[in-house]
Amino acid sequence: MSSILVIKFLDIAFKLNMMQKLSNGSSLEEVMPINVKMTPIFRYMNVLIYPLSFVFAVGLI
C-alpha cells in the first residue's frame, strides 16, 4: 500500500512540474523530448491490466 502511495505521489509531482514548465512558456518538446509511438495495443492495454490487477488485489482469484 505504501508503494502505491509513493508512486502516486511521484506521478502527481511529475505532472505538476511538467504543467509548471508548460505554463512558464516552455514548449512540449523541451519538457518531454521523447516522441513515443503509441500503438493501439499499448493504448488499450490498461483495459485489461487494471481490472485484472484489481481482481488479484481484492482476492477474487
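**Salt bridges on a helix, and a nonpolar patch**

Asp11 and Lys15 join their side chains in a salt bridge, 3.4 Å from N to O. Keep in mind that you're looking at a predicted model. Asp11 also pairs with Lys8, so let's start with that little group, which sits in helix α1, and then move on to the rest of the chain.

**The salt-bridge network**

- How many salt bridges does the structure hold? There are two, and they link Lys8, Asp11 and Lys15 in a network.
- Asp11 meets Lys15 at 3.4 Å, while the contact between Asp11 and Lys8 is 3.7 Å, again counted from N to O.
- Why might such side chains get together? Side chains of opposite charge can pair when their charged atoms come close.
- The spacing along helix α1 is worth a look: Asp11 and Lys15 are four residues apart, about one turn of the helix.
- Asp11 and Lys8 are also separated by about one helical turn, because they lie three residues apart in α1.
- Are these residues buried or exposed? Asp11 has 25% relative accessibility, so it counts as partly exposed.
- Lys8 counts as partly exposed because its relative accessibility is 47%, and Lys15, at 45%, is partly exposed too.

**The helix that carries them**

- Helix α1 runs over residues 2–23, which makes 22 residues.
- From its first C-alpha to its last, α1 reaches 31 Å, close to the 32 Å you'd expect at 1.5 Å a residue.
- What comes after α1? The helix is followed by Gly25, which has a positive phi, near 105°.

**A nonpolar patch on the surface**

- Seven names to find on the surface: Ile34, Val36, Met38, Ile41, Phe42, Met45 and Ile49 make a nonpolar patch of about 720 Å².
- Phe42, one of the patch residues, has its place in helix α3, which covers residues 40–43.
- Phe42 counts as exposed because its relative accessibility is 54%, and the cut-off for that word is over 50%.

**How far to trust the model**

- The chain has a mean pLDDT of 86, and 98% of its residues reach 70 or more.
- Which element has the highest mean pLDDT, and which the lowest? Helix α1 comes out highest with 90, and helix α2 (residues 28–31) lowest with 80.
- As a rule of thumb, where pLDDT is low, the predicted coordinates should not be read in detail.

Notes
Residues are numbered from 1 along each chain as its sequence is written. Side-chain values use heavy atoms; hydrogens and water are left out. Helices (H or I, at least four residues) and strands (E, at least two) are DSSP runs, numbered from the N terminus. The expected span of a helix is 1.5 Å times one less than its number of residues. Patches are made of residues with over 30% relative accessible area and no salt bridge: like charges are joined within 9 Å, nonpolar side chains (Val, Leu, Ile, Met, Phe, Trp, Tyr) within 5 Å. Accessible areas come from the Shrake-Rupley method with a 1.4 Å probe; for residues, only the protein chains shown count as cover. A salt bridge is a side-chain nitrogen of Lys or Arg within 4 Å of a carboxyl oxygen of Asp or Glu. Buried means under 20% relative accessible area, exposed over 50%, partly exposed in between (1.4 Å probe, protein chains only). pLDDT is the predictor's confidence in each residue, from 0 to 100.
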